[in-house]
Amino acid sequence: MNQENEKMETIKEEFRDKLKIENQNQNQYQNQNQNRNQNQNQNQNQNQNQNQNENENENQNQNQIENQNQNQNQIQIENQNQNQNENENENQNQNINENQNQNQIENQIENQNQIQIENQNQNQNQNENENENQNQNINENQNENKNENQNEKPTVIIIIGMAGSGKTTLMQRLNSYLYQYQIPKYIINLDPAVNNVPYAVNIDIRDTINYKKVMEQYQLGPNGAIITSLNLFTTQFDQVLNYLEKREKEVKYILIDTPGQIESFTWSASGQIITEALSSTYPTVIAYVIDTPRTLTPTTFMANMLYSCSILYKTRLPFLLVFNKCDICDFRFAQEWLTNWQSFDDALKEQSSYTASFSRSMSLVLDEFYRNLESVGVSAVTGKGMKEFFQGIKKCEKLYYSVFKVEIEKRRQMIIQEKLKKQKEMKESLIQSMKEEEEKDKKPKEKSHFKNEHEINLNQTIKNQITINESTKNQHNYQYKYQYQYQNEDDSDEYQDEDEDIYFVEHQKRINEFQNPNGYNPYDDFSDDDDDNNNDFDNQNENQNQIHIENQIENENQNQNENQIENQNENENQIHIEEDNEIDIDNQDFDVD
Ligand SMILES: Nc1nc2c(ncn2[C@@H]2O[C@H](COP(=O)(O)OP(=O)(O)OP(=O)(O)O)[C@@H](O)[C@H]2O)c(=O)[nH]1
């Protein structure tokens, strides 16, 4: 029993234990479950919470979104409204603006129209004023141009220089330089002996005078032929002046090339007549060309200066020293010598010849002369210094107007007064002789030894012939005397006195010859008894003779006029030939740098 009990007990205990364990497990399980549940709950709660939160959040979000949306919508709406408003406003504004614009445009158009009308009126007025002003300006310009044209005549550049100094080459260079800058020019060649002229010439002495024929015809050497050719050309120089006068408004420079034999131009009467005729009408400048490489020594330099000095005093015109061939050597040494006597003297010290001491003395005298001369260095071959050349010419031109023109005018006035004085003297002497003749006529008439009318008429014809010859000779004498006086202006006083004496002695001799032909006085033969008988007859004859004389003089004058007209026509024909020979320079090719 015990055992059973014990067994029972043990079973019970076991059972109990089991129960316990089971309970425990159950508890554990319960706990676990509880925990689980708790956890679940927690989780659930959490989830719930989460959900709740989520929901809340969602809600919140939703709300937020909603709110946002609402807000957005509101904003949108507001914006829309605003926009609408704005649009409306804008539209309104636009409308207003449009209206305003329309109004403005209308106003503007109106204003514009008004302004246009006003402007048109103003323009019309302005145009009228402008036209008036323009007319005034044109008139003023025309007047100014007239004045300018009166003042601004073409400048004559006479190129002078020793043989081989480069005058012709320089002329060619000047010609092409002026052509390059479209400056109109007129070119005259006065060298009759030149073979080839390498530039286009307007007037060429060779077209009028054949230098070789002059040599043959007058049996002259080259220099004499050049001088004679120039003299022959000068007799027609008034025609050259006529051509220049025609072209003076369109031409800026007149370039003149001269013969290489410098003295044939500068010291001949024709050279002087040409330069004086040109300088009394146009501003004239002498461009004296110097061969620079041949002037390197002080003595040759001084020789050149002496020459230029003599030309200056002969022509009495503005002077430009042109140191040519500067491509071979610089010309500054010459400028230094020109302006600084000391440097020239230093150069002379290196030479000890007689010419050196002569040059020193001359430099002391001439220093004053050439110190103020304009000088330029050029190269006719390369074209160097052309701008400076024309600048120098401009300065000389100013000098001509300010100094030389006054002198020329004075000299011209003196010559005119001299001529008038001579004419007056001639007139007075003629009046005097006429008075003497009249007084002689008033005296009782002496009988003519001629027996009949025919003889008296014949006598009177001879008398008339002599008188006509006398007057023609006197005219020639006067012309010759005038020409000679013109050519020898400086020593004219001496000549005039001499000539006047010769002239009056000749005149007296002829009167005596007439009064007493062959030493026989025809009036001596008549006695006083025949006076009464012959007086009426003499008077009648005298009247008839006077008419006869007058007719003869008229015929003589007519013949003279006819001759003059023929000569004029001949000259005109010659000039026409020259005009035809004028070359259209603008169409030519030039050597342009
Ligand atoms: N190197 C150089 N040679 C020159 C220059 N100018 C002229 N010659 C030369 O000098 C020589 C004489 O020139 P021309 O122009 O005939 O001199 P010209 O003074 O007219 O001579 P004539 O009519 O005989 O008096 C020619 O061989 C020219 O080529 C120059 O600027 N430079």
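## Strands and their partners

Two strands count as paired when DSSP finds at least two bridges between them. That idea will help you read this predicted model, so let us start with its sheet. In strand β1, I159 stands opposite A287 in strand β5. These two strands, β1 and β5, run parallel and are joined by 6 bridges.

Strand β1 also pairs with strand β4, which covers residues 253–257, again in the parallel sense and over 5 bridges. Here I158 of β1 has I256 as its bridge partner in β4.

## The sheet as a whole

Now step back and look at the full arrangement. The sheet is open and has 7 strands, in the order β3-β2-β4-β1-β5-β6-β7, with parallel pairing. At the edges stand β3 (203–204) and β7, each with a single partner strand, so one side of each is left without a neighbour in the sheet. As a general point, the strands of a sheet pair through backbone hydrogen bonds, either parallel or antiparallel.

## Strand β1 under cover

How many of the 7 residues of β1 are buried? The count is 7 of 7 for this strand, which spans residues 155–161, so β1 is largely enclosed by the rest of the structure. Its residues point in two directions: T155, I157, I159 and G161 go one way, while V156, I158 and I160 go the other, and all are buried.

## From β5 to β6 and on to β7

Strand β5 covers residues 284–291 and pairs with β6 in the parallel sense over 6 bridges. To get from β5 to β6, the chain passes through helix α9 (residues 298–315), and this β-α-β crossover is right-handed. If you want a pair to look for, find I286, whose bridge partner in β6 is F319.

Another residue worth finding in β5 is V289. Its relative accessibility is 1%, and buried means under 20%, so V289 counts as buried. V289 and L320 are 31 residues apart in sequence, and their C-alpha atoms are 8.5 Å apart in space.

Strand β6 itself (residues 319–324) is mostly covered, with 6 of its 6 residues buried. F319, L321 and F323 point one way from β6, L320, V322 and N324 point the other way, and all are buried. Moving on, β6 pairs with strand β7 (residues 374–377) in the parallel sense over 4 bridges. In this pairing, V322 stands opposite V376 in β7.

## Two helices to visit

Helix α8 runs over residues 269–279, and 10 of its 11 residues are buried, so α8 is largely enclosed by the rest of the structure. The buried residues are S270, G271, Q272, I273, I274, T275, E276, A277, L278 and S279.

Helix α5 (residues 222–234) holds T228. Is T228 buried or exposed? Its relative accessibility is 19%, and the cut-off for buried is under 20%, so T228 counts as buried. A polar atom of the T228 side chain lies 2.8 Å from the backbone oxygen of G224.

## Around the ligand

Which residues are the closest to the ligand? They are K167, T168, T169, D327 and A380, out of 16 residues that surround the ligand. Helix α2 (residues 167–180) gives the most to this shell, with 3 residues. Sorted by class, the shell has 5 nonpolar, 8 polar and 3 charged residues.

Several contacts reach oxygen atoms of the ligand. In the side chain of T169, an N or O atom is 2.4 Å from a ligand oxygen. The backbone takes part as well: an N or O atom of the A380 backbone lies 2.8 Å from an oxygen atom of the ligand, and a backbone N or O atom of G166 lies 3.0 Å from an oxygen atom of the ligand. Taken alone, the ligand exposes 650 Å², and the protein buries 67% of that.

Key:
Residues numbered from 1 in each chain as written. Predicted model: local features only at pLDDT ≥ 70, side-chain atom pairs only at ≥ 80, totals over all residues. Heavy atoms only, no water. Buried < 20%, exposed > 50% of the residue type's maximum accessible area, 1.4 Å probe, protein only. Right-handed = clockwise from strand over helix to strand, strands pointing away. Near = heavy atom within 4 Å. Polar contact = N/O pair within 3.5 Å; in protein donor to acceptor, adjacent residues only side chain to side chain. Areas by Shrake-Rupley, 256 points an atom, 1.4 Å probe, with all protein chains shown as cover. Nonpolar A, V, L, I, M, F, W, Y, C, P; charged D, E, K, R; others polar.
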